[in-house]
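Me: Please take me slowly through one part of this model and what surrounds it, since I have not seen it before. I would like a single connected account, with each term explained as it comes up.

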Amino acid sequence: MVFYEPQLRELPPVWRTFVQNEMNQEYFQNLSTKIKEAQKTNPIYPPLEYRLEALRYFSPEETKVLILGQDPYHGPGQAHGLAFSVPLGQKLPPSLRNIFKELKSDLNIDPPFSGNLSPWAKQGVLLLNSALTVEASKAGSHLQWGWNEFTDRLIQFLAANTKDVVFVLWGKYAQSKAPLIAEDKHLILQSAHPSPLSAHRGFFGSKVFSKINSYLIEHGRSPITWQLD
């Protein structure tokens with residue numbers, strides 16, 4: 001099983017229909033087979049019940065922002081279905097610490113106690129990873145198994161069926177998805193990835209959070225409250 005059936009049933013109807021349609025495709029069935037085999041020998045993150053977490057909070061038309069990650073954290077207890085986020089009590093990963101540094105620089109919001117980004121998700125921020133699973137201690141292990149096709153289709157679907165969404169693409173991999181998005185309908189914000197290896201190349205100083213809110217306000221949408229606690 002790739003998705004937890006109770007969570008699938010709880011998705012907003014449009015997302016539920018989208019996911020169910022993709023699950024019937026040959027590429028997704030191949031992906032399912034690979035994951036079933038992999039989990040026989042190695043833990044898979046996040047746990048089954050969190051793999052659709054990013055889609056759980058709102059429908060496509062309610063989406064204000066999409067922040068695209070690559071794949072889930074591959075350490076125990078870290079991944080819970082929201083890109084860049086970790087549950088309460090988990091140590092902040094380096095990229096998330098840098099995200100909070102930029103938030104402080106941009107909007108003078110102090111780093112929060114927890115790295116759980118679900119308060120952002122509850123406001124219409126789609127924290128999507130390009131792969132929705134990963135094997136323990138093997139970063140990127142499932143990215144090319146079919147998840148990339150699933151999330152590419154999801155991004156295209158969202159971009160085609162909404163307007164005035166801010167797509168945040170950090171790093172070269174995320175930026176490769178820009179052609180999936182109609183720039184005349186949406187705002188695309190691109191910069192270096194917040195990883196310590198690249199944050200100094202343009203992520204720091206990008207003022208991404210204030211740019212997002214300015215765009216939303218200009219287009220008659222409520223801004224995001226970025227304060228987490």
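Helix H6 and its partners

Reply: Val-14, Trp-15, Phe-18, Val-19 and Glu-22 of helix H2 meet Phe-150, Arg-153, Leu-154, Phe-157 and Leu-158 of helix H6, where a contact means heavy atoms within 4.5 Å. The residues that take part in this contact of H2 with H6 divide into 8 nonpolar, no polar and 2 charged (nonpolar are Ala, Val, Leu, Ile, Met, Phe, Trp, Tyr, Cys and Pro, charged are Asp, Glu, Lys and Arg, and the others, Gly among them, are polar). This is a predicted model, in which local features need pLDDT of at least 70 and side-chain atom pairs count only at pLDDT 80 or more, while totals for chains, interfaces and linings use all residues. Residues are numbered from 1 along each chain as its sequence is written, and side-chain values use heavy atoms, with hydrogens and water left out.

H2 covers residues 13–23, and its axis lies 11 Å from that of H6, at a packing angle of about 140 degrees (axes are lines fitted to C-alpha atoms, for helices over the stretch in contact, and angles run from 0 to 180 degrees between N-to-C directions). Helices, of at least four residues (H or I), and strands, of at least two (E), are DSSP runs numbered from the N terminus.

A further partner of H6 (residues 147–161) is helix H3 (residues 26–38), which packs against H6 at an angle of about 135 degrees, with the two axes 9 Å apart. H3 and H6 are therefore oblique to each other, oblique being what remains when angles under 35 degrees count as roughly parallel, over 145 as roughly antiparallel and 65 to 115 as roughly perpendicular. On the H3 side, Tyr-27, Phe-28, Leu-31 and Ile-35 take part, and they meet Trp-147, Glu-149, Phe-150 and Arg-153 of H6. This contact of H3 with H6 is made up of 6 nonpolar, no polar and 2 charged residues. Phe-150 and Arg-153, which appear here, also meet residues of H2.

From the helices we can turn to the sheet. Its 4 strands form an open sheet in the order E3-E2-E5-E6, with parallel pairing (two strands pair if DSSP finds at least two bridges between them). E3 and E6 (187–191) are the edge strands, each of them pairing on one side only, and from one strand to the next the twist averages 20 degrees.

Strand E2 (residues 65–69) has 5 of its 5 residues buried, so it is largely enclosed by the rest of the structure (buried means under 20% relative accessible area, exposed over 50%, and partly exposed in between, with a 1.4 Å probe and protein chains only). Val-65, Ile-67 and Gly-69 point one way from E2, whereas Leu-66 and Leu-68 point the other way. With E3 (residues 125–129), E2 pairs in the parallel sense over 5 bridges; in that pairing Val-65 stands opposite Val-125, and the bridge partner of Ile-67 is Leu-127. With E5 (residues 166–170), E2 pairs in the parallel sense over 4 bridges, and there Leu-68 stands opposite Leu-169.

Gly-69 of E2 has 5% relative accessibility and therefore counts as buried. Leaving aside neighbours within four places in sequence, Gly-69 is in contact with Ala-83, Phe-84, Leu-128, Asn-129 and Ser-130. Of these, Asn-129 is 60 residues away from Gly-69 in sequence, yet the two C-alpha atoms are 4.3 Å apart.

E2 also belongs to the cover of helix H8, since what covers the buried residues of H8 includes E2, helix H4 (94–107), helix H5 (118–121), E5 and E6. Those buried residues are Val-208, Phe-209, Ser-210, Ile-212, Asn-213, Tyr-215 and Leu-216. H4 and H8 pack at an angle of about 60 degrees, with their axes 7 Å apart, and they are therefore oblique to each other. In this contact, Ile-99, Glu-102, Leu-103, Asp-106 and Leu-107 of H4 come together with Val-208, Phe-209 and Ser-210 of H8, a set that divides into 5 nonpolar, 1 polar and 2 charged residues.

Asn-213, which lies in H8 (residues 208–218), counts as buried because its relative accessibility is 13%. Not counting residues up to four places away in sequence, Asn-213 touches Pro-223, Ile-224 and Trp-226. H8 is followed by Gly-220, whose phi is positive, near 75 degrees.
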